[in-house]
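Got the viewer open? Here is a short tour, one selection at a time.

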Amino acid sequence: QVQLVESGGGLVQAGGSLSLSCAASGRTFRFSRYAMGWFRQDPGKEREFVSVIRGSGETAYYADSVRGRFTISRDNAKNTVYLQMSSLKPEDTAVYYCARESDYCSSYECFSAPGRYDYWGQGTQVTVSS
């Protein structure tokens, strides 16, 4: 069993910054072996890919909507993945989820699909006011 717990959400003004964390745990979960992703979802909308980082932390990918503004990172010693968000816009408002990629993905189409992730956190709300 794998548990993912997000934290760091909140209310921020447009142009501001916010940092999210996702702590992973599980008796047999080898955190460094898995890519970890961030998604977000607004009520009534589909879950949207934000970013993913490989297990080594050396490679990361971003959605076009957040590239240049968000930075994903991880600390494998702490079993934690982070999402640093800056220049926030009202359209970034959503519940943000971290998730574990179930199997290796080599294409954007693959790692941006929610169905490729097998464990999810409960989500943390990010609200950006205009």
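Start by selecting residues 94-101, strand S9, in this predicted model. S9 is mostly covered, with seven of its eight residues buried. Keep S9 highlighted for a while, as the next few stops are its partners.

Which strand is joined to S9 by six bridges? Add residues 36-41 to the selection: that's strand S4, and S4 and S9 run antiparallel. To find your place in the pairing, click methionine 36 and look across to arginine 100 in S9, which stands opposite.

Now bring in residues 124-129, strand S11. S11 is antiparallel to S9 too, and three bridges hold the pairing. Show valine 95 and glutamine 125 as sticks: the glutamine, in S11, is the bridge partner of the valine.

Next up is strand S10, residues 117-120. S10 also pairs with S9 in the antiparallel sense, over three bridges. Here the spot to click is glutamate 101, whose bridge partner in S10 is tyrosine 117.

Time to leave S9 and jump to residues 70-75, strand S7. Turn on the side chains. In a regular strand, side chains alternate between the two faces of the sheet. S7 shows such alternation: Phe70, Ile72 and Arg74 point to one face and are buried. Thr71, Ser73 and Asp75 point to the other face and are not buried. Buried here means under 20% relative accessible area, so an arginine such as Arg74 can be on that list.

What does S7 pair with? Select residues 80-85, strand S8: six bridges join S7 and S8, and the two run antiparallel. Arginine 74, which you just met on the buried face, stands opposite valine 81 in S8. Then follow the chain round the hairpin, which has four residues between the strands. Stop at asparagine 79, where phi is positive, near 50°.

Finally, clear the selection and zoom out. The protein has one helix and 11 strands, and along the sequence they read β-β-β-β-β-β-β-β-β-α-β-β. The radius of gyration is 14 Å, close to the 14 Å that the globule rule gives for 130 residues, so the protein is as compact as a globular protein of that length. Rotate the C-alpha trace and you'll see it span about 45 × 30 × 30 Å along its principal axes.

Colour by burial and 42% of the 130 residues come up as buried. Switch to a surface view: the accessible surface is about 6700 Å², with 44% of that belonging to carbon and sulfur atoms. For a last look, colour by charge: there are 14 positive and 13 negative side chains, and the centres of the two sets lie 6 Å apart.

How values were computed
Residues numbered from 1 in each chain as written. Predicted model: local features only at pLDDT ≥ 70, side-chain atom pairs only at ≥ 80, totals over all residues. Heavy atoms only, no water. Rg over C-alpha atoms; globule rule 2.2 N^0.38 Å. Buried < 20%, exposed > 50% of the residue type's maximum accessible area, 1.4 Å probe, protein only. Areas by Shrake-Rupley, 256 points an atom, 1.4 Å probe, with all protein chains shown as cover. Lys, Arg positive; Asp, Glu negative; His and termini not counted. Charge placed at Lys NZ, Arg CZ, Asp CG, Glu CD. Pairing = 2+ DSSP bridges.
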